[in-house]
Amino acid sequence: MTSSDLDLLRLVMAGDEAAFTALYRRRQAGVYRFALHMSGSQTIAEDVTQEVFIVLMREAGRYDSNRGSLAAYLYGIARNHVLRRIEQDRLLVQLADSAEEGDALTPASMITEGGPLDDLTRNETVEAVRNSILALPPHYREVIVLCDLHEMSYTEAASAVGCAVGTVRSRLHRARALLVEKLRAARDRNRASEEANPARCFA
Amino acid sequence: MNCDDLETVASDLARGQMVDAALSEKALTHTASCARCATRLADERELTEGLRQFAAATATGEAPPRVEASLIEVFRRERTKAVASAATTPPLQTRRWLYLAIGAAAVVAIVIFLSLSARRTSEPQPQAPQKAGGTVPAQPDSTQQPAVAPASQEKKIANHHATKRSVRTTEPKRPTVVAVDRVEPTAGDVEIATDFIPLMNRESLTQLDSGQVVRVELPRSALMSFGLPMNMERANERVKADVVVGNDGLARAIRFVR
């Protein structure tokens, strides 16, 4: 029988290493992917995952099960750290060249396997969606990531973000409208590019 | 359903989140007859599909093993630190008693300090007698000390001055403080005293919180100053009097003692 998050957390507070490992293995992927979707950077995603679980081991007593699930609580911590990192990075001068940056922002896990033409189309779509999400303002981006990519309910997303359910709904509506515009613009650019360079289609 | 209604439900419809089947049916009927809303819904569906593909593409993403190893190392370090801290820190019960003892000691210290302060303020002020209501107490002799009544008695005296006699503002001759003895008479030495005669207005007397009674000797003519009869044959003799002196050093009332 698997222990609940709360049971594991109590054991973690008592200093049980096995419980901490179990809780980490259960929740790390969601936290990591959330940070990756929010930042587009593997480095930030790794750092944030580590910081989230350090906070959990040190301040486990701050979690209140009446205010939401442990997953939502962890997403909330991750959100705060990601936003801080995004803000820091925004202020930093980008020294890395574009090629290195491209590698950092495109994790191998985002590349799917399949037939070459199928992959090409799918990867283009995925890349367009990824870029469009990263171009959204953070408060719109986070609701798209939580509700659409992580399939959280509005209530859970509201708990993670720390706002009302209605706010999540309205932000999600607006975020999706922005994404539709961005994807349409990206599609139009691709079409124009293909028309200007038809040889690419036969390459 | 109109276009505005569809706009509000388009996202939920595309995401398959519509709970109301009837509303969903109306929305689909509307898109069948409205090209603009049909495009809007198609965009939403395309976006939903794109997001689904993106989520699937990243579904296997997880933190590398080095993050777990690093966290477990931190966990062990934190636990060691906590154990060490628990070994040096007394148990909670002991600490509670320690805090209670410290708190009690602090309370006792405060009470002692306050009581000492209160006693210091109620003690006689080593200052020169001042003019008050026309009565000037004499400078105390170095060998003599002013009489001090207990605080309860002082208050009783202060409240006792229910006399309506007028207060003279004329300054009598310099009296001399002679007595240290208390007001309580002994069995063989019974004193007869007048009521206390206010030396100031009544308000200042009622405001008197504490003070002291000083036994003084005055020229017998002082009786006349307060409207009391005087035996002219004993005019050269002195008369004893108790003077109520407030903490501010001002004489508030006087009574004559025989």
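This passage walks through the contact between two chains, the nonpolar cores and a few individual elements of a predicted model.

A good place to begin is where the chains meet. Contacts link 36 residues of chain A with 27 residues of chain B. On the chain A side, the elements that each give two or more residues are helix 2 (17-39), helix 3 (42-58), helix 6 (116-135), helix 7 (138-149) and helix 9 (165-196). Helix 2 of chain A supplies the largest share of this side, 10 residues. By residue type, the side of chain A that touches chain B is made up of 17 nonpolar, 10 polar and nine charged residues.

Helix 2 of chain A turns up again in the interior. The largest nonpolar core holds 55 residues, and those touching the most other members are A:Ala35, A:Ala78, A:Val143, A:Ile144 and A:Ala157. Nine residues of this core, the largest share, come from helix 2 of chain A. For A:Val143, leaving aside residues up to four places away in sequence, the residues touched are A:Ala157, A:Val161, A:Val168, A:Arg171, A:Leu172 and A:Ala175. A second core, separate from the largest one, has 17 residues, among them B:Ile197, B:Leu199, B:Ala222 and B:Phe256.

Helix 3 of chain A is worth a closer look. Its 17 residues should span 24 Å at 1.5 Å a residue, and because the C-alpha atoms at its ends are 24 Å apart, the expected and modelled lengths agree. Buried residues in this helix are A:Gln42, A:Ile44, A:Ala45, A:Val48, A:Thr49, A:Gln50, A:Glu51, A:Val52, A:Phe53, A:Leu56 and A:Met57. As background, residues three or four places apart in an α-helix point the same way, because there are 3.6 residues a turn.

Turning to chain B, the elements comprise eight helices and five strands. Read from the N terminus, their order is α-α-α-α-α-α-β-β-α-β-α-β-β. Chain B has 258 residues, of which 23% count as buried. Among its contacts with a separation of 6 or more, 76% join residues 24 or more positions apart.

One residue of chain B gives a concrete example. B:Thr121 lies in helix 5 (residues 92-122) of chain B. This residue counts as exposed because it has 11 C-beta neighbours inside 10 Å, and the cut-off for exposed is 12 or fewer. B:Thr121 and B:Ser210 are separated by 89 residues in sequence, yet their C-alpha atoms are 9.5 Å apart in space.

Notes
Residues numbered from 1 in each chain as written. Chains lettered and ligands numbered in written order. Predicted model: local features only at pLDDT ≥ 70, side-chain atom pairs only at ≥ 80, totals over all residues. Contact = placed C-beta atoms within 7 Å. Helix = DSSP H or I, 4+ residues; strand = E, 2+ residues; numbered from the N terminus. Nonpolar A, V, L, I, M, F, W, Y, C, P; charged D, E, K, R; others polar. Buried ≥ 20, exposed ≤ 12 C-beta atoms within 10 Å, placed from the backbone. Core = buried A, V, L, I, M, F, W, Y, C linked by C-beta atoms within 7 Å. Expected span 1.5 Å × (residues − 1).
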